[in-house]
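The following exercises ask the reader to work from a sequence and its three-dimensional model towards a description of the fold. Each task is followed by a solution in steps.

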Amino acid sequence: MFLGVDYYRIADLLSEDERMIQQTVREFVDEQFMPVIQKHHRESTFPMEIIPKLGALGFLGVTVPEEFGGPGLSNLVYGIVMQELERGDTGLRSFASVQGSLVMFPIKAYGSPEQKKQWLPKLASGEKIGCFGLTEPDFGSNPGGMLTNAKKTTDGWLLNGAKMWITNGSIADVAVIWARTDEGVNGFLVEKGMPGFTASKLDGKFSLRASDTAELSFQDCFVPEENRLPNIRGLKGPLSCLNEARFGIAWGVVGAAMACYDEALSYSKNRIQFNRPIAGFQLTQEKLVEMVTEITKAQLLNYQLGRMKDEGKAKHYHVSLAKRNNVNNALKIARSARTILGANGISDEYQAMRHAMNLESVLTYEGTHEIHTLIVGENITGESAFK
Ligand SMILES: Cc1cc2nc3c(=O)[nH]c(=O)nc-3n(C[C@H](O)[C@H](O)[C@H](O)COP(=O)(O)OP(=O)(O)OC[C@H]3O[C@@H](n4cnc5c(N)ncnc54)[C@H](O)[C@@H]3O)c2cc1C
C-alpha cells in the first residue's frame with residue numbers, strides 16, 4: 001500500500017475530514033487502478049469501468065454543489081483528490097480534471113438552469129462523459145487565433161472547424177466547444193451524434209497512453225441555441241476553465257512525483273551493487289534528497305495556494321507559478337527516479353518511465369512551461385512579452 005510522502009508533516013495542516021478523503025482516494029487508486037494500469041498503458045486505452053466508481057466516490061466535480069450532484073467540497077480537497085489520482089497515472093487525473101474543471105465548471109458557471117439540470121448530475125456520477133475543445137491544429141498557445149466558427153441561423157448555430165488533442169474526445173457524450181462568432185468567442189455544448197460532428201482517436205502517443213485523446217471535426221454541425229452557454233462571451237470563458245484545471249494539475253503532478261520517489265527510494269534500498277545497497281552511495285542519496293526537497297516545496301506551495309483559492313485570493317498568476325514549478329520538478333524527479341532504477345527503469349513493470357512520459361505532456365498542456373513563465377513574468381514586471 002502507498003503510504004504517501006510527507007517529510008514536513010503537511011498532513012498536520014489538514015483537517016481530519018481532509019485526511020480521510022486523501023486516504024480514501026489513496027486506497028481507491030491502490031485497489032481499483034494500480035492492478036489495471038499496465039494493461040491500459042500498453043493497449044493505450046482508458047479503463048472505462050472505473051468511471052462510475054470515480055463518480056460514486058465524488059471524485060468528479062469535487063467542488064460542484066450537492067444540488068447538482070457533486071459533493072460541494074473545497075478547492076483544497078479538489079487538489080488533494082487530483083494529487084492522489086495522479087499518483088496512479090496522469091491519465092486518471094486528466095480524466096477527472098477535464099470532467100470537473102473543463103466541463104462541469106463552465107456549465108456550472110456559465111450555463112442556463114436547464115443545461116445545469118441536464119448535465120451536471122450525470123457528469124458528477126460518471127453516467128455521462130465530457131470533453132473540452134479549445135486547441136486547434138494551428139492554434140495552441142495562442143487560442144485567440146482560433147478558426148473554428150459558429151454562424152447564427154434562425155434557431156441555432158452552424159459550427160465549422162476542428163479541435164486537436166482533445167482529452168476524452170472520442171469517449172465523450174458532450175463536448176464544450178469554443179468557437180468564434182460575430183459576438184466574440186462563445187461556448188457550445190455539442191452532443192455526441194449531432195450531424196456534422198465527428199471525433200477520431202489519436203494513436204501513436206508515447207505519453208498519456210492510458211488516456212483518450214482525439215481530434216474533433218465540425219462540418220456544418222447544427223447546434224441549437226439552447227446548447228450555447230448563455231452567460232459568457234470572449235476568451236475569458238475558456239481561460240477561466242483552464243485556470244481551474246491548472247490548479248488541479250499543480251497538485252496532480254506532485255502525486256506522480258511522490259510515486260516516483262517512493263519507488264526509487266525502496267528500489268535503492270534493495271538493489272545491491274558493489275556489495276551494498278545503492279542507497280548507500282552518495283550520488284544516489286543526492287538524487288533522493290533533491291526529490292524529497294522538491295516534493296516538499298511543491299506540497300507547501302499547493303497547500304497555501306489551495307487555502308488562498310478557498311479564500312478567493314488566488315489569482316491566475318499564482319496558479320501559473322505553481323503549475324510551472326511543480327510540473328517541471330515532477331518531470332525532473334521522474335527522470336531521476338528512472339536512473340536509480342537502472343535498466344529496470346525503462347520497463348513498465350515499474351512506474352518511473354510511465355510517469356516521466358506522461359509528464360512530458362503535462363509540461364505542454366494547459367499552458368506550456370514557457371507560457372506560464374510569460375504569465376508570471378508579465379505579472380511581476382508589468383510588461384507583457386506576449387505582444
Ligand atoms: C495529451 C494532451 C492532451 C491535451 N488535451 C487537451 C484538451 O483536452 N483540450 C484542449 O483544448 N487542448 C488539449 N491539449 C492541447 C494543449 O493544451 C496544447 O498542446 C498546448 O496549449 C500547446 O499548444 P501547441 O501544442 O499547439 O504548441 P505551440 O503553441 O505550437 O507551441 C510550441 C512551442 O512554442 C512555444 N511558444 C509558443 N508561443 C510562445 C511565446 N509567445 N513565447 C515563447 N514560447 C512560445 C511553446 O511554449 C512550445 O514550446 C492537449 C495536449 C496534449 C499533449
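**Exercise 1. Helices and their spans**

Task: Determine how far helix α8 is covered, and check its length against the expected span.

Solution. Helix α8 is mostly covered, since 18 of its 25 residues are buried. The model under study is a predicted one. A residue counts as buried if 20 or more other C-beta atoms lie within 10 Å of its own. Next, the span is considered: at 1.5 Å a residue, the 25 residues of α8 (residues 316-340) should span 36 Å, and the end C-alpha atoms are 36 Å apart, which agrees. After α8 comes Gly 342, with a positive phi near 55 degrees.

Task: Repeat the check for helices α3 and α10.

Solution. The expected span is 1.5 Å times one less than the number of residues. For the 14 residues of α3 (residues 75-88) this gives 20 Å; the end C-alpha atoms are 21 Å apart, which agrees. Helix α3 is also mostly covered, with 14 of its 14 residues buried. For the 13 residues of α10 the expected span is 18 Å, and the end C-alpha atoms are 18 Å apart, which agrees. Just after α10, Gly 382 takes a positive phi of about 80 degrees.

**Exercise 2. The chain as a whole**

Task: Decide whether the radius of gyration agrees or disagrees with that of a compact globule.

Solution. The protein chain has 387 residues, for which a compact globule would have a radius of gyration near 21 Å; the chain has 21 Å, so the two agree. The C-alpha trace spans about 80 × 45 × 40 Å along its principal axes. Of the 387 residues, 49% are buried. The secondary structure comprises 10 helices and nine strands. Finally, among contacts between residues at least 6 apart in sequence, 75% join residues at least 24 apart.

**Exercise 3. Domains and the ligand**

Task: State which domains the ligand lies between, and describe the shell around the ligand.

Solution. The domain assignment gives domain 1 (10-125), domain 2 (130-227) and domain 3 (236-381). Domain 2 and domain 3 both give residues to the shell around the ligand, so the ligand lies between them. The shell holds 21 residues, of which the closest are Thr 135, Gly 140, Ser 141, Thr 368 and Glu 370. At least two shell residues come from each of β1 (130-133), β3 (156-167), α9 (352-364) and α10 (369-381). By class, the shell divides into 10 nonpolar, nine polar and two charged residues.

Task: Characterise the contact between domain 2 and domain 3.

Solution. The C-alpha centres of domain 2 and domain 3 lie 30 Å apart. In the contact, 10 residues of domain 2 meet nine residues of domain 3. The side of domain 2 that touches domain 3 has seven nonpolar, three polar and no charged residues.

**Exercise 4. Individual residues**

Task: Leu 208 and Phe 274 each have a positive phi; establish whether each is buried or exposed.

Solution. Leu 208 is not a glycine, yet has a positive phi of about 50 degrees. Leu 208 is placed in the loop between β6 (197-201) and β7 (213-224). With 25 other C-beta atoms within 10 Å, Leu 208 is buried. Phe 274, likewise not a glycine, has a positive phi of about 50 degrees and lies in the loop between β8 (272-273) and β9 (276-277). Phe 274 has 8 other C-beta atoms within 10 Å and is therefore exposed.

Task: Describe the surroundings of Ser 101 and Asn 227.

Solution. Ser 101 belongs to helix α4 (residues 90-110) and is buried, with 27 other C-beta atoms within 10 Å. Leaving aside residues up to four places away in sequence, Ser 101 touches Cys 241, Glu 244, Ala 245 and Gly 248. Asn 227 lies in the loop between β7 and α6 (236-270) and counts as buried, with 22 C-beta neighbours inside 10 Å. With the exclusion of residues up to four places away in sequence, Asn 227 touches Phe 188 and Leu 189. Asn 227 and Ala 264 are 37 residues apart in sequence and 49 Å apart in space, C-alpha to C-alpha.

Methods:
Residues are numbered from 1 along each chain as its sequence is written. This is a predicted model: local features need pLDDT of at least 70, side-chain atom pairs count only at pLDDT 80 or more; totals for chains, interfaces and linings use all residues. A residue is near a molecule or strand if its C-beta atom, placed from the backbone, lies within 6 Å of it. Helices (H or I, at least four residues) and strands (E, at least two) are DSSP runs, numbered from the N terminus. Ala, Val, Leu, Ile, Met, Phe, Trp, Tyr, Cys and Pro count as nonpolar, Asp, Glu, Lys and Arg as charged, and the others, Gly among them, as polar. Domain bounds come from an automatic or database domain assignment. Two residues are in contact if their C-beta atoms, placed from the backbone, lie within 7 Å. A residue is buried if 20 or more other C-beta atoms lie within 10 Å of its own, exposed if 12 or fewer, and partly exposed in between; C-beta atoms are placed from the backbone. The radius of gyration is taken over C-alpha atoms; the globule rule is 2.2 Å times the number of residues to the power 0.38.
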